[in-house]
2 protein chains.
Amino acid sequence: MAVFTPVTLDDLSQWITQFDLGKALAIKGIPSGIENTNFFITTEFGEYVLTIFENLSFEQLPFYLNLMRHLAERGVLVPAPIATHQGNLINALHGKPAAIVSKLEGSSQMEPQAVHCAAVGAMLARMHIAAENFPIRQPNLRGLAWRNETAPIVMPYLSDSNKQLLAEEMAFQNAFAESDTYHQLQNGPIHADLFRNNVMFSGDHLTGFFDFYFAGCDTWLFDVAVTVNDWCIDVETGVLDQERVRAMLDAYHHVRPFTAAEQAAWQTMLRAGALRFWLSRLYDFHLPRDAEMLTPHDPGHFERILRLRIEQATPPLFTSAG
Amino acid sequence: MAVFTPVTLDDLSQWITQFDLGKALAIKGIPSGIENTNFFITTEFGEYVLTIFENLSFEQLPFYLNLMRHLAERGVLVPAPIATHQGNLINALHGKPAAIVSKLEGSSQMEPQAVHCAAVGAMLARMHIAAENFPIRQPNLRGLAWRNETAPIVMPYLSDSNKQLLAEEMAFQNAFAESDTYHQLQNGPIHADLFRNNVMFSGDHLTGFFDFYFAGCDTWLFDVAVTVNDWCIDVETGVLDQERVRAMLDAYHHVRPFTAAEQAAWQTMLRAGALRFWLSRLYDFHLPRDAEMLTPHDPGHFERILRLRIEQATPPLFTSAG
């Protein structure tokens with residue numbers, strides 16, 4: 001996807017004077033992200049990431065930026081937001097909210113092995129614990145309410161078999177949200193979008209989670225499900241790879257033990273994780289917002305994953321030995 | 001100097017549970033520092049530095065720890081204090097205040113060349129600017145008031161020629177502190193102890209300033225003088241190395257231009273920087289506080305530097321081309 005809001009070096013040179021980062025030397029658009037415009041920027045004093053928020057408001061942003069600061073302060077590896085001289089994390093650029101964060105070392109690991117999945121699982125558990133007492137509450141904006149709004153919008157575009165799948169899954173998830181088991185699940189700020197391209201590795205060493213702009217309060221288990229659904233699968237088929245699943249879940253469980261309620265909810269959450277991304281991809285595919293958005297993700301990927309999570313045996317969340 | 005307060009792995013294992021850093025795996029005393037006890041600690045999730053404050057009180061510490069956080073948040077390279085789960089930076093360990101900060105990469109550059117001095121000068125200017133609006137004010141605890149208290153205590157131990165030097169320099173510095181020039185100097189939080197062993201380099205790349213526990217509000221120029229007096233000298237003689245002086249001052253001036261008042265005060269501040277460390281070393285040499293403190297620094301080093309700064313031509317703080 002192309003950059004939404006163009007920023008020239010001249011624009012940046014003026015804007016960056018409110019930070020203590022020295023003169024701007026270079027700016028380069030990052031061709032990724034579908035909600036924000038991102039740039040690598042180089043100043044006299046280092047390299048940073050500039051994000052312009054295309055859809056998020058000044059009211060929503062303190063949650064994301066302060067959550068990152070809260071996590072960084074507790075030793076969780078995430079980009080540290082850079083404050084202006086006056087102490088502000090969010091500042092208008094071309095009339096839109098924007099922020100600068102530190103640039104993580106390394107690159108994304110797009111062919112993760114068990115060792116990478118274990119590192120992600122352990123850091124995810126650390127993140128959940130460290131975020132537990134974060135004082136700002138903001139819901140997962142792609143949670144059940146959003147899904148209930150979005151399903152009818154995309155429904156007309158679907159084949160009959162997919163209409164049935166979506167209707168049944170929505171009913172199933174809405175029923176589960178009323179259950180005792182659901183209300184026993186641990187809840188707090190989650191990343192909610194921890195795909196392979198939102199984690200940096202330097203070799204096998206995890207250097208940080210980033211892109212917290214889908215974060216919100218939801219069940220911790222939903223975060224685990226979204227992460228497993230991306231990191232621990234065969235990308236072609238969506239089938240879970242048992243070795244990577246075990247590595248991620250065991251590493252998480254070692255840091256923050258799963259509960260019996262979470263075990264009971266595990267398959268449902270794997271389905272919920274698939275549903276959430278199937279819905280957003282259906283929406284972006286059938287109702288693209290912007291002509292620049294040329295290559296929407298294939299919704300079929302998460303349709304396959306949802307069907308597999310319904311049909312196939314679910315690996316245990318934890319084992320008695322775990 | 002030996003570690004003051006012993007901390008075992010068992011002690012640490014219990015204490016560290018209030019942080020989100022996982023289980024403690026190792027602890028190793030760092031044989032340096034004369035005011036604090038420092039340890040490298042390794043947890044499941046990384047390496048950190050644990051500091052126990054031997055002389056500083058719970059009341060004084062928020063200045064240091066929050067200053068480091070303020071600087072880190074603005075992109076200045078300093079160790080980031082790690083908060084507990086509850087958000088506290090300072091916590092009692094064996095009845096003394098203690099803190100954990102991130103460990104900087106690299107090692108000290110004990111034979112600095114011009115390239116290192118330039119990096120230190122530029123970062124020092126960034127630090128001064130970024131700290132300018134730090135809201136907590138705490139004086140330099142080794143400032144003129146402390147010097148006026150300390151000079152009479154060490155005076156009886158000095159030779160006649162050193163008695164004369166100290167008396168004359170104290171009179172000179174007290175007179176200067178009343179001058180218009182002094183009151184025109186930029187003032188704010190300074191490091192105040194930025195010696196070679198308090199900066200990390202990875203190769204020629206500066207990775208951070210540390211040990212902020214002598215920091216306080218004083219003139220920025222005093223900080224520059226202390227730094228030049230350590231980084232830009234021949235260690236044997238104390239004589240300034242013109243190439244390194246020029247590299248450090250020009251790099252600082254490029255980021256934060258020196259003023260005419262600072263130029264007028266420059267020689268006096270170089271003398272003040274030498275005086276401050278001569279006094280503390282005289283005190284530690286003649287009135288050692290602790291039997292464990294076996295190898296006090298030689299006070300003669302800063303006596304030589306003070307005499308040189310009085311007698312020798314002072315390099316300009318900045319040049320018209322600078």
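Over all chains of this predicted model, a search of the whole structure finds 20 salt bridges. Four of them are listed below.

| Pair | Closest N and O atoms |
|---|---|
| Arg69(A) and Glu73(B) | 3.1 Å |
| Asp250(A) and Arg246(A) | 3.2 Å |
| Glu54(B) and Lys96(B) | 2.7 Å |
| Arg307(B) and Glu303(B) | 3.1 Å |

**Pairs within a chain**

Asp250(A) and Arg246(A) both belong to helix α8 of chain A, which covers residues 242–255. The two residues are four apart, about one turn of the helix. Asp250(A) has a relative accessible area of 31% and is therefore partly exposed.

A like spacing is found in chain B, where Arg307(B) and Glu303(B) sit in helix α10 (residues 300–311). Because they are four residues apart in that helix, about one helical turn separates them. Arg307(B) is partly exposed, with a relative accessible area of 23%.

The salt bridge of Glu54(B) and Lys96(B) joins two elements of chain B. Glu54(B) lies in the loop between β3 (46–53) and α2, while Lys96(B) lies in strand β6 (residues 96–102), so the pair ties together parts that are 42 residues apart in sequence. Glu54(B) has 18% relative accessibility and so counts as buried, the cut-off being under 20%. Lys96(B), at a relative accessible area of 27%, is partly exposed.

**Between the chains**

Chain B is superposed on chain A by a rotation of 180° with 0.0 Å of shift along the axis, at an RMSD of 0.0 Å. That is the relation of a two-fold axis. The same surface serves both copies, since 100% of the contact residues of chain B recur in chain A.

In the interface, 24 residues of chain B are in contact with 24 residues of chain A. The area buried between the two chains is about 2,000 Å², and carbon and sulfur atoms give 45% of this area.

Two salt bridges are counted between chain B and chain A. In one of the salt bridges, the side chains of Arg69(A) and Glu73(B) meet at 3.1 Å, N to O. The rule also finds 16 residue pairs in polar contact across the interface, both residues being at pLDDT 80 or more.

On the side of chain B that touches chain A, two or more residues come from each of α2 (61–73), β4 (81–82), α3 (114–131) and α8 (242–255) of chain B. The largest share, three residues, is given by α3(B). By class, this side of chain B has nine nonpolar, seven polar and eight charged residues.

Definitions and conventions
Residues numbered from 1 in each chain as written. Chains lettered and ligands numbered in written order. Predicted model: local features only at pLDDT ≥ 70, side-chain atom pairs only at ≥ 80, totals over all residues. Heavy atoms only, no water. Least-squares fit on C-alpha atoms with pLDDT ≥ 70 in both. Contact = heavy atoms within 4.5 Å. Buried area = accessible area lost by both parts, 1.4 Å probe. Salt bridge = Lys/Arg side-chain N within 4 Å of Asp/Glu carboxyl O. Polar contact = N/O pair within 3.5 Å; in protein donor to acceptor, adjacent residues only side chain to side chain. Nonpolar A, V, L, I, M, F, W, Y, C, P; charged D, E, K, R; others polar. Buried < 20%, exposed > 50% of the residue type's maximum accessible area, 1.4 Å probe, protein only.
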